[in-house]
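Visitor: I am new to this structure and would like a close look at a single part of it. Please take one stretch and go through it slowly.

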Amino acid sequence: MMRETMLIIHLLGLTMGLGTSFAYLFLGKAGSRLGKEEAVKFALNSLSLGTMGHIGLTLSIITGFYLMTPFWKLLPAQPLLIAKLVLVLTLTVTIGIIGVASRKARNGDPEVQLKRIRSLGKITFITGLAIVILAVLVFH
């Protein structure tokens, strides 16, 4: 029962995290139709979605450590699992950098930081999808 509970929380966290990337993708499209000043204001307001992504990533990592319990001993023989864990680490670092850029964007110099966030957002989106694909391949 505990494993199922953790799996549910893990998948909810994954949904929140990857859902944030999808939301930013669509919000970016909507913002591109606005004037420059309105687009910057819109983008700054939409940065609050990042909180949902951080919570989702945190839930996924915490529950992921628990769910990995039977696999830690097998890890050296699981190259796809190692790749998935490396991508989770990459995603965590990239989201951390986006968080710093978000704070800088709110405190000044938004155009430069928002451009940086957009670039990093594409990386997090692709990384998140790759993590899901690897998880399916490893744990099918």
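Guide: Let us start with S102, a residue of helix α4, which runs over residues 79-107. Keep in mind that this is a predicted model. S102 has a relative accessible area of 8%, and since buried means under 20%, S102 counts as buried. Leaving aside residues up to four places away in sequence, S102 touches L47 and I117.

Next comes the loop between α4 and α5, where D109 is found. The relative accessibility of D109 is 47%, so this residue is classed as partly exposed; the partly exposed class lies between the 20% and 50% limits. The backbone at D109 deserves a look as well: its phi is positive, about 60 degrees, although D109 is not a glycine. For background, most residues other than glycine have a negative phi.

Past the loop is helix α5, which spans residues 110-139. L129 has its place in this helix. With a relative accessible area of 31%, L129 is partly exposed, whereas S102 is buried.

L129 also belongs to a nonpolar surface patch of about 640 Å². The other residues making this patch are F22, L25, F26, L80, I133 and L137. Two elements, α1 (2-31) and α5 (110-139), each give two or more residues to the patch.

To retrace the path: S102 is in helix α4, D109 is in the loop between α4 and α5, and L129 is in helix α5.

Conventions
Residues are numbered from 1 along each chain as its sequence is written. This is a predicted model: local features need pLDDT of at least 70, side-chain atom pairs count only at pLDDT 80 or more; totals for chains, interfaces and linings use all residues. Side-chain values use heavy atoms; hydrogens and water are left out. Helices (H or I, at least four residues) and strands (E, at least two) are DSSP runs, numbered from the N terminus. Buried means under 20% relative accessible area, exposed over 50%, partly exposed in between (1.4 Å probe, protein chains only). Contact means heavy atoms within 4.5 Å. Patches are made of residues with over 30% relative accessible area and no salt bridge: like charges are joined within 9 Å, nonpolar side chains (Val, Leu, Ile, Met, Phe, Trp, Tyr) within 5 Å. Accessible areas come from the Shrake-Rupley method with a 1.4 Å probe; for residues, only the protein chains shown count as cover. A salt bridge is a side-chain nitrogen of Lys or Arg within 4 Å of a carboxyl oxygen of Asp or Glu.
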